[in-house]
Amino acid sequence: MLRRSLGVAGAALALVVPATASAQLTTTSSTDLTPRVKEYVGTSVALNGTTRLRVILPTGYAENPTRRYPVLYLLHGAFDDYRSWVDKGFAERVSEPHQMIIVMPDGGTFGWYANHVNNGPQWETFHIGELIPWADATFRTKPERSERAIAGLSMGGHGTAAYSGRHPDLFAAAEAFSGVVNPTQLGPGENVFGPKTPENIARWEGSDGTYLIPNYRTYAHFGLRTGTGQPGPFDAPTRPVDTLEQSLYAQNTNMHNKLTAAGIAHTWEEFPGTHTWPYWERDLGKALPEFQRVFDGDVATPAQVNVSLPDNQWTRWGWSVGFDSARPLAWTTLARADATGFTLTGKGAATVKTPAGLYPAGKQYKANGAAVTAAQDGSLTIPVDLGTGSTVAVFVGALSTELPGTVGGTVPATLSLTLGAPATFGTFTPGVEQDYTATTDVTVTSTAGDAALSATPAGKLTNGAFSLVEPLRVEPAKAAWNGPTSGEKVGVTFKQLVKRTDPLRTGSYSTTVTFTLSTTNP
């Protein structure tokens with residue numbers, strides 16, 4: 001602790017020295033349908049036109065302006081649109097007990113939640129690349145994978161299986177209701193994916209849940225719910241078998257069996273029922289508590305990345321795999337990817353880029369037999385030639401060995417306080433009320449982890465037996481430090497109020513102020 005004293009003499013005060021919206025989806029209008037349901041009209045670059053969507057806000061959203069919420073993306077089926085889950089599935093009522101935002105976009109009458117060939121609508125690009133950023137920019141969402149789920153019915157069940165399988169880094173939970181999960185067998189037409197020829201079949205498989213099985217392993221919750229096609233509790237007993245639901249039951253059973261064989265935990269529910277809304281409303285009511293459980297818990301990020309896709313360009317979990325765009329689509333698997341390396345299976349000449357921040361910028365590494373240098377963002381770009389079809393294991397190793405040495409010095413514990421030049425109030429004028437000021441500075445040097453500057457209460461200026469009525473006020477411009485400082489000048493202001501009726505005695509007034517520089521963390 002360091003103290004310095006200030007003496008005040010005469011009429012002068014003498015100092016004596018001993019620091020929304022997504023760029024591609026733009027909404028043009030909105031309507032409040034109910035206190036919780038909003039409808040939006042907007043324009044999409046991916047769709048090259050107008051699109052519409054509805055959003056259900058959780059109860060209490062407006063009353064809790066600082067709270068953020070998870071999001072469920074809820075997809076409609078064929079022959080329906082963005083309105084259907086509210087108008088036919090009663091999603092507003094079903095969701096009332098749950099604290100999540102529900103986004104219900106349009107997916108086209110037969111859009112199939114896919115990017116169409118031949119310059120058709122790019123539904124996947126819209127939903128993944130435009131809608132999700134728009135929702136995160138427009139509402140108080142929790143914009144993380146662990147706070148995002150997706151679900152849908154029929155064609156929307158296809159969208160759920162496709163989007164969750166193709167983008168496992170975006171969603172933590174998913175459920176398909178009577179979903180078209182195996183579209184290579186039954187589903188969209190060739191206007192969506194093109195012909196089912198050997199050179200194009202991978203495009204179909206890339207949106208087929210039964211081919212995307214390995215990508216569901218990271219989900220905290222994954223579910224399939226489907227009727228058998230037989231009349232159920234919401235059907236007339238004499239209703240004939242629903243052949244559409246029966247065929248989708250076969251698809252879902254196939255996917256369920258493949259998930260089970262792969263050891264991937266999932267919810268499976270089959271029941272007597274048809275391809276109708278009462279069952280999907282019930283499915284949603286069962287899925288929402290599962291999603292809420294995921295949102296309220298902890299969702300792990302995989303230590304190693306494993307993804308299989310047939311696309312020529314893709315980025316998942318920060319890992320990017322790229323081929324020449326002219327390469328016929330073919331499956332590629334990135335496995336066991338982390339900072340030590342990865343395995344790539346497929347065909348063709350690929351370029352793999354690691355996530356940013358894995359390596360020190362500018363440092364050289366050897367990977368797949370070549371020297372590569374970490375970019376400024378801490379990523380590596382590694383060429384991998386798979387030829388006509390192979391698996392290549394890539395190990396990343398530093399080209400240099402770092403052996404740390406030490407050099408240093410010591411700093412003695414120091415608290416130093418130096419008072420600056422004298423300051424003066426000037427002359428006090430009797431009969432006139434005025435708040436007089438005088439300034440100086442102190443120079444502070446401290447090697448401590450913290451420091452505090454204080455001034456002992458100065459009391460009142462005195463002139464022999466007489467003293468001013470009002471006390472002297474001392475106000476340092478800075479009084480606390482959270483770390484060391486050296487030679488820092490701090491202004492100090494002295495203030496003296498003299499009121500109109502205060503008696504003043506001829507002569508000089510003075511007092512003594514003691515400054516203290518102290519620390520609790522030397």
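# Strands, cores and a cavity in a predicted model

User: How many of the seven residues of strand S14 (residues 332-338) are buried?
Analyst: Strands (E, at least two residues) and helices (H or I, at least four residues) are DSSP runs, numbered from the N terminus. Buried means under 20% relative accessible area, exposed over 50%, and partly exposed in between (1.4 Å probe, protein chains only). S14 is mostly covered. Of its seven residues, the number buried is five.

User: What kind of model is this, and from which number are residues counted?
Analyst: This is a predicted model: local features need pLDDT of at least 70, side-chain atom pairs count only at pLDDT 80 or more, and totals for chains, interfaces and linings use all residues. Side-chain values use heavy atoms, with hydrogens and water left out, and residues are numbered along each chain, as its sequence is written, from 1.

User: Which strand forms a hairpin with S14?
Analyst: Two strands pair if DSSP finds at least two bridges between them. S14 has an antiparallel pairing over four bridges with strand S11 (residues 305-309), where Ser308 stands opposite Thr333 in S14. Another four bridges, also antiparallel, tie S14 to S15 (residues 341-346), and Leu334 stands opposite Leu344 there. With two residues in between, the hairpin partner of S14 is S15.

User: Which strands stand at the edges of the four-stranded open sheet?
Analyst: The order in this sheet is S12-S13-S16-S19, with antiparallel pairing. Two of these strands have a single partner strand each, so one side of each is left without a neighbour in the sheet. These edge strands are S12 (313-316) and S19 (381-385).

User: By how many degrees are neighbouring strands of this sheet turned against each other?
Analyst: Axes are lines fitted to C-alpha atoms, for helices over the stretch in contact, and angles run from 0 to 180 degrees between N-to-C directions. Here direction is ignored. The average turn between neighbouring strands is 15°.

User: Which residue stands opposite Thr315?
Analyst: S12 and strand S13 (residues 319-322) run antiparallel and are joined by four bridges. Strands of a sheet pair through backbone hydrogen bonds, either parallel or antiparallel. Opposite Thr315, in S13, stands Ser320.

User: Where is Trp317, and is its phi positive or negative?
Analyst: Trp317 sits in the loop between S12 and S13. It is buried, with a relative accessible area of 17%. Most residues other than glycine have a negative phi. Near 55°, the phi of Trp317 is positive.

User: What is the phi of Ser154?
Analyst: Ser154 is in the loop between strand S7 (148-153) and helix H4 (155-166). It is buried at 11% relative accessible area. Its phi is positive although Ser154 is not a glycine, at about 55°.

User: Which residues have the most contacts inside the largest nonpolar core?
Analyst: A nonpolar core is a set of buried Ala, Val, Leu, Ile, Met, Phe, Trp, Tyr and Cys residues joined through side-chain atoms within 4.5 Å. The largest one has 75 residues. Its largest share, seven residues, comes from helix H3 (residues 123-138). The residues with the most contacts inside this core are Tyr216 and Phe342.

User: How many residues are in the core that lies apart from the largest one?
Analyst: Nonpolar side chains tend to be buried together in soluble globular proteins. The separate core includes Ile102, Ala151, Phe177 and Phe295. Its residue count is 25.

User: Which helix gives the largest share of the lining of the largest cavity?
Analyst: On a 1 Å grid over the protein atoms alone, a cavity is a set of points where a 1.4 Å probe fits but cannot get out, and lining residues have an atom within 4 Å of a point. About 40 Å³ of space lies in the largest cavity, and its lining includes Tyr73, His127, Tyr163 and Phe171. Strand S5 (71-75) and H3 each supply at least two lining residues. The largest share, four residues, comes from H3.

User: Is Thr226 buried or exposed?
Analyst: Thr226 is in strand S9 (residues 221-227). Contact means heavy atoms within 4.5 Å, and beyond four places in sequence Thr226 is in contact with residues including Ser178, Glu245, Trp268 and Phe271. At a relative accessible area of 0%, Thr226 is buried.

User: What distance separates the C-alpha atoms of Ser467 and Arg505?
Analyst: Ser467 is in strand S25 (residues 466-467). At 38% relative accessibility, Ser467 is partly exposed. Arg505 is 38 residues away along the chain, yet the C-alpha separation is 8.5 Å.

Technical notes
On a 1 Å grid over the protein atoms alone, a cavity is a set of points where a 1.4 Å probe fits but cannot get out, and a pocket is an open set with protein on both sides within 12 Å along at least five of seven lines; lining residues have an atom within 4 Å of a point. Grid points are joined across faces, edges and corners, and a volume is the space filled by probe spheres set on the points.
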